[in-house]
Amino acid sequence: MEEKRPIILLSNDDGISAPGIHYLTKVLSEFGDIYMIAPEQHQSGMSHALTFQVPLRARCIEESKHVHIYALNGTPVDCIKFGFDQLLPNHKADLVVSGVNHGPNSANSIIYSGTASCAREGAINKTPSIAFSSLEFSMKSSFEPYTQYIQEIVQFVLKNGLEEHIYLNVNFPKPDRHIQGMKVCRLTKGLWIERFVAEKDPRNNTCYWLTGEYHNEEPDSDDTDEWCLAHDYVAIVPIKVENYDEHSLLTLSKLNIL
């Protein structure tokens, strides 16, 4: 009898055509059966958005014994929810993985990231989950230098699991750098300084493109994900789904009316 393989639910926010998710499919197929469902179109910055206004449609791209690939006309989190409900045997996965994202999702970028939200949705469903992202934006770059690190992280999580409602947010240096190793660290304190760049459309109407840069408020702290990436380490940050503040339960207690 063939040994039962772990079930891995895989998605991203760069879309079904992004090289990062197909690279990850190849790497993860060593560890289990892949159920990949990704957005039809690029969906970066969608965070935890869901689709209610239009019906969702899934399209089968590949169906084999160990690899099942679908595209969905929805958001990244739509994909994870649809995967659990419609694709997975018994609606369960042993692992949810998102990425590899073309571009970083460090510090407070996880608030906006569809890649991180896929892993968050997995953790909400009490499934060990990992989001992988890279400093490399290019769709032509090879992610092969990341293979050994992804294998080690995935093996660890499959063997040991994660605490309930915790997911890992993993960021890689650019693949052409000499990676120094991996570090478990925390999110960097900082903020995005946004700017809207004005342009004229073909009808001479003004339109705007969102741009900006990240301001690191603690550049010398060596226990943050931004420091790790700047020094060519793989940054691994454990993230909690629950984000209420326990300290404020006491400081705001005067608002209680009992």
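**Exercise 1. Disulfides**

Find out how many disulfides this predicted model holds.

*Solution.* Start with the search of the whole structure: it finds zero disulfides. Next, check Cys79: its nearest cysteine sulfur belongs to Cys118 and is 6.7 Å away. Now compare that distance with the cut-off, since a disulfide needs two cysteine sulfur atoms within 2.5 Å. Cys79 is therefore in no disulfide. Looking from the other side, Cys118 has the sulfur of Cys79 as its nearest, and Cys118 is in no disulfide either.

**Exercise 2. Buried or exposed?**

Decide whether Cys79, Cys118 and Tyr112 are buried, partly exposed or exposed.

*Solution.* Recall the limits: buried means under 20% relative accessible area, exposed means over 50%, and partly exposed lies in between. Cys79 has 0% relative accessibility, so Cys79 counts as buried. Cys118 also comes out at 0%, and is buried. Tyr112 stands at 42%, so this residue counts as partly exposed.

Then place Tyr112: it sits in the loop between strand S5 (95–102) and helix H3 (114–124). Finally, look at its surroundings: Tyr112 forms a nonpolar surface patch with Ile111 and Trp192, and together they have about 300 Å² of accessible area.

**Exercise 3. Reading the sheet**

Work out which strands are at the edges of the open sheet, and how S2 and S4 pair.

*Solution.* Write down the order of the nine strands, S3-S4-S2-S1-S5-S6-S7-S11-S8, and note that the pairing is mixed. Strand S3 (58–63) and strand S8 (181–184) are the edge strands, each pairing on one side only. Neighbouring strands are turned by 20 degrees against each other on average, direction ignored.

Now zoom in: S2 (residues 33–39) and S4 (residues 67–72) pair in the parallel sense over six bridges. For a residue to click on, try Tyr35, whose bridge partner in S4 is His68.

Technical notes. Residues are numbered from 1 along each chain as its sequence is written. This is a predicted model: local features need pLDDT of at least 70, side-chain atom pairs count only at pLDDT 80 or more; totals for chains, interfaces and linings use all residues. Side-chain values use heavy atoms; hydrogens and water are left out. Buried means under 20% relative accessible area, exposed over 50%, partly exposed in between (1.4 Å probe, protein chains only). Patches are made of residues with over 30% relative accessible area and no salt bridge: like charges are joined within 9 Å, nonpolar side chains (Val, Leu, Ile, Met, Phe, Trp, Tyr) within 5 Å. Accessible areas come from the Shrake-Rupley method with a 1.4 Å probe; for residues, only the protein chains shown count as cover. A salt bridge is a side-chain nitrogen of Lys or Arg within 4 Å of a carboxyl oxygen of Asp or Glu. Helices (H or I, at least four residues) and strands (E, at least two) are DSSP runs, numbered from the N terminus. Two strands pair if DSSP finds at least two bridges between them. Axes are lines fitted to C-alpha atoms, for helices over the stretch in contact, and angles run from 0 to 180 degrees between N-to-C directions.
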